[in-house]
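Subject: A structure for you to look at

Hello,

Here is the structure I promised to pass on to you. Please open it alongside this note, and then read on for what turned up in it.

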Amino acid sequence: MDFQPHVMSQANASETNNNAWTIGRLINWTNQYLTENGSESARLDTEILLAKVLGCERIMLYTRFDEDPGDQVRATFRNLVKERAAGCPVAYLVGHKEFFSLKFKVTKDTLIPRPDTEEAVQAILDLAKSKQADTSTIADIGTGSGILAITLAKELQHSQFVASDISEAALSVAQENAHFHDVADRIQFRSGDLCNPLEGETFDVIVSNPPYVSDNELAQCSPDVKDYEPLQALVSGPTGMEIYQRLIPEAKPLLNPSGWLVLETSPMLASGLKQLLEEYGYQSVNIKRDHTGNPRIVLGQV
Ligand SMILES: C[S@@+](CC[C@H](N)C(=O)[O-])C[C@H]1O[C@@H](n2cnc3c(N)ncnc32)[C@H](O)[C@@H]1O
């Protein structure tokens, strides 16, 4: 891979002599290169990486198509494109990802936020709006980059939060994100295994997007997931249900009367999870679908 004119000259000498490596040409060339290297979102990847290197918003690239960005920018961009072509997710290369229209720092210690998880936020906002839930106190277990607690804190200005994770490294990213979004004064960050950091307290809502990939499923995950994202954030065990099997009974005594447990899951596990919640005596158990129509959120009330 090389954005140097001599590469192009082999294909079309006369055009090369007339054309510099402008932003427009870099985008077109890289789009094709990443497509050939397996990216399903090559154009978007290209634009996000180039905007990062240029230090501008992606939309501004369209006003700079004829600009020659210079050797330094091209060299930095080339290195990022190489890493992307090797499989590294764009979010890790640029260090952030959007969730619920907010920008979150991510590192290789945190899962990359998924659009599916926005449905967990929406489910809790719906419960609050319909007055089916008090949302004064909310716990987010396995907070990762902090997206659930922080987004809810932005939306529910009077709520207090505890956000926990077993990974200290993830918690420090979550804390940075909370400061960035100006909600750190309402979120306590705690480290520990599942409900242990919450012992002795009760909450109106407990939300969690825990690891739910089974050992076998991991082998089928794409390389940009299994080779880059933290396994501790992904994998639950042989069936995918192991964390839920511990979390569901542990969370019950930590919920206030009429409190809700809100869990993200995979479409394959949703009905088993509903059954598990019912077996442990949760009421009004229901499943919500994500933006693609798949069962995604399972919630139950004590
Ligand atoms: C699927 S990620 C979700 C991260 C974030 N909530 C999100 O939705 O993007 C699961 C998170 O749970 C954490 N985790 C895994 N096992 C845990 C455990 N036993 N106790 C607490 N947190 C755990 C991982 O470190 C990871 O941050």
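A residue is called buried when its relative accessible area is under 20% and exposed when it is over 50%, while partly exposed covers what lies in between. Ser 258, with a relative accessible area of 42%, is therefore partly exposed. Please keep in mind that this is a predicted model.

**Two backbone oddities**

Ser 258 has another feature to look at: its phi is positive, about 70°, although the residue is not a glycine. You will find Ser 258 in strand S9, which covers residues 255–264.

Lys 131 also has a positive phi without being a glycine, in this case about 60°. Lys 131 belongs to the loop that runs between helix H7 (118–129) and strand S3 (137–141). Its relative accessibility is 73%, so Lys 131 counts as exposed.

**Salt bridges**

How many salt bridges does a search of the whole structure find? The search gives 13. As general background, side chains of opposite charge can pair when their charged atoms come close.

One of these salt bridges joins the side chains of Arg 84 and Asp 45, with an N to O distance of 2.8 Å. Arg 84 sits in helix H5 (residues 71–85) and Asp 45 in helix H4 (residues 42–54), so this pair ties together parts that are 39 residues apart in sequence. Are these two partners buried or exposed? Arg 84 has a relative accessible area of 11%, so it is buried. Asp 45 is buried too, at 4%.

Arg 74 is worth a visit as well, as it has two acidic partners to look at:

- With Asp 68, the side chain of Arg 74 meets in a salt bridge at 2.9 Å, N to O.
- With Asp 71, Arg 74 forms a salt bridge whose closest N and O atoms are 2.6 Å apart.

Arg 74 and Asp 71 are both in helix H5, 3 residues apart, which is about one turn of the helix. There is also a network elsewhere in the list: salt bridges that share partners join Arg 43, Glu 47 and Arg 58.

Back at Arg 74, the accessibilities of the residues involved fall into three classes. Arg 74 counts as buried at 8% relative accessibility. Asp 68 is partly exposed, with a relative accessible area of 42%, and Asp 71 is exposed, at 58%.

Enjoy looking around!

Best wishes

Key:
Residues are numbered from 1 along each chain as its sequence is written. This is a predicted model: local features need pLDDT of at least 70, side-chain atom pairs count only at pLDDT 80 or more; totals for chains, interfaces and linings use all residues. Side-chain values use heavy atoms; hydrogens and water are left out. Helices (H or I, at least four residues) and strands (E, at least two) are DSSP runs, numbered from the N terminus. Buried means under 20% relative accessible area, exposed over 50%, partly exposed in between (1.4 Å probe, protein chains only). A salt bridge is a side-chain nitrogen of Lys or Arg within 4 Å of a carboxyl oxygen of Asp or Glu.
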